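The following exercises invite the reader to examine a pocket and a sheet. Please study the structure shown below before reading each solution.

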Amino acid sequence: MTVSGNRLVPTGASVVTDAPAIHAPAADTPATAGPDASAGAIRPHAEETFADELKALAAADDRPRPERWLLSPWAVATYLLGGVLPDGTVITPKYVGPRRVVEVAVTTLATDRALLLLGVPGTAKTWVSEHLAAAVSGDSTLLVQGTAGTAEEAIRYGWDYARLLAHGPSRDALVPSPVMRAMARGMTARVEELTRIPADVQDTLITVLSEKTLPIPELGEEVQAVRGFNLIATANDRDRGVNELSSALRRRFNTVVLPLPATHEDEVDIVARRVDQIGRSLDLPAPGGADEIRRVVTVFRELRDGVTADGRTKLKSPSGTLSTAEAISVVTGGLALAAHFGDGVLRAGDVAAGILGAVVRDPAADRTVWQEYLETVVREREGWQDFYRACREVSA
């Protein structure tokens, strides 16, 4: 294992001689600011934030590693799920969920099958994708962000048109995509929101995933994937019918469905951990307010499930997803309110407006759902009177 810039890279992961030239940023750009380039970043990449844990795992990991992997599959799973190493190093959990889901995802990356992480919004698909890439390749930045406007060049390659016009098609004029760079280096590429990408652009991946090669017909050449290359894609299962994957492309993926948190306690733990991490990056006070975090999670789970926690009262569900990610956003916003306009202690009034914004997406239908929930559930719940008053105030 060697160090390149401020990232760990697997031994032997240098670019092969027949790989396309990769043009680095100019020397005076922020990208070349050295090891402290990410200092002050709101959200450093996973491999930077958890560099110490990755180094500790690499040092303690004596299990077989697939070629160009930083860690063994066992160590990658430990990095995501957390644990304690023999030397006492604590590995913090990055994902709270079924262990088998993580094991299947990691094992898939060790084969010639690409990995598709599927789930409803807010189930940590992007989060898991980033941490898998960081643990396997030491670099989570080889990323294609899928949108309705994503073009073929984002997945295949583009051209430096000044060089192209001056000298014609050449390796110097070719601008490799993140996927092409991952193939050449034997690393992990990521494609976010695959089903948001137009169908004809999606199918650009078929040759990459089946033949492990990317043709460059303009040069009469190709880039072949180096051992260690694989690809992680994410997709929202509520986007079916937007740009649904062709059967040919879907066959190239092993699909792993990420479920919603199984229990109330799991979801509270996830929200508390992420709010703490985000709060530290924004110099906000420690979350505290455990009661308010539990209330937010309870509200989201009950409205999402359409029934109260005790199973006695059926509820109407709003049009939004009310995901764990949205609960994290509500609590983080409340923490900022408490820090800047309160006494620093998270209270009901700090989260009430955020909950209203998350629940009421359709002003007509969702507002009725929310009012019914307030009057039939929150108003009658013991110990929730302050929360009821705060929600009534912002809902008026």
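**Exercise 1.** In this predicted model, determine how much space lies in the second largest pocket and which residues and elements line it.

*Solution.* Step one concerns volume: the second largest pocket holds about 590 Å³ of space. Step two turns to its lining of 30 residues, of which Gly122, Thr123, Ala124, Trp127 and Ile270 are the closest to the centre. Step three assigns elements: helix H5 (125-137), helix H12 (264-281) and helix H14 (324-341) each give two or more residues to this lining. The largest share, 5 residues, is contributed by H12. Step four considers character: the lining residues comprise 14 nonpolar, 7 polar and 9 charged.

**Exercise 2.** State the order of the strands in the open sheet of 5 strands, and explain why one side of E6 and of E13 is left without a neighbour.

*Solution.* Step one gives the order, E6-E9-E12-E5-E13, with parallel pairing. Step two locates strand E6 (143-145) and strand E13 (253-257) at the edges; each has a single partner strand, so one side of each lacks a neighbour in the sheet. Step three adds the twist: on average, neighbouring strands are turned by 20° against each other, direction ignored.

**Exercise 3.** Describe how E5 and E12 pair, and identify which strands H4 and H5 contact.

*Solution.* Step one: strand E5 (residues 114-119) pairs with strand E12 (residues 230-236) in the parallel sense, over 5 bridges. Leucine 117 has threonine 234 in E12 as its bridge partner. Step two: helix H4 (residues 99-109) packs on the sheet and touches E5, E12 and E13, its direction making about 165° with that of E13. Step three: H5 lies across E5, strand E9 (188-192) and E12, and runs at about 170° to E9.

Definitions and conventions: Residues numbered from 1 in each chain as written. Predicted model: local features only at pLDDT ≥ 70, side-chain atom pairs only at ≥ 80, totals over all residues. Heavy atoms only, no water. 1 Å grid on protein atoms, 1.4 Å probe; cavity = no way out; pocket = protein on both sides within 12 Å on 5 of 7 lines; lining within 4 Å. Points joined across faces, edges and corners; volume = space filled by probe spheres on them. Helix = DSSP H or I, 4+ residues; strand = E, 2+ residues; numbered from the N terminus. Nonpolar A, V, L, I, M, F, W, Y, C, P; charged D, E, K, R; others polar. Pairing = 2+ DSSP bridges. Axes fitted to C-alpha atoms, helices over the stretch in contact; angles between N-to-C directions. Contact = heavy atoms within 4.5 Å.
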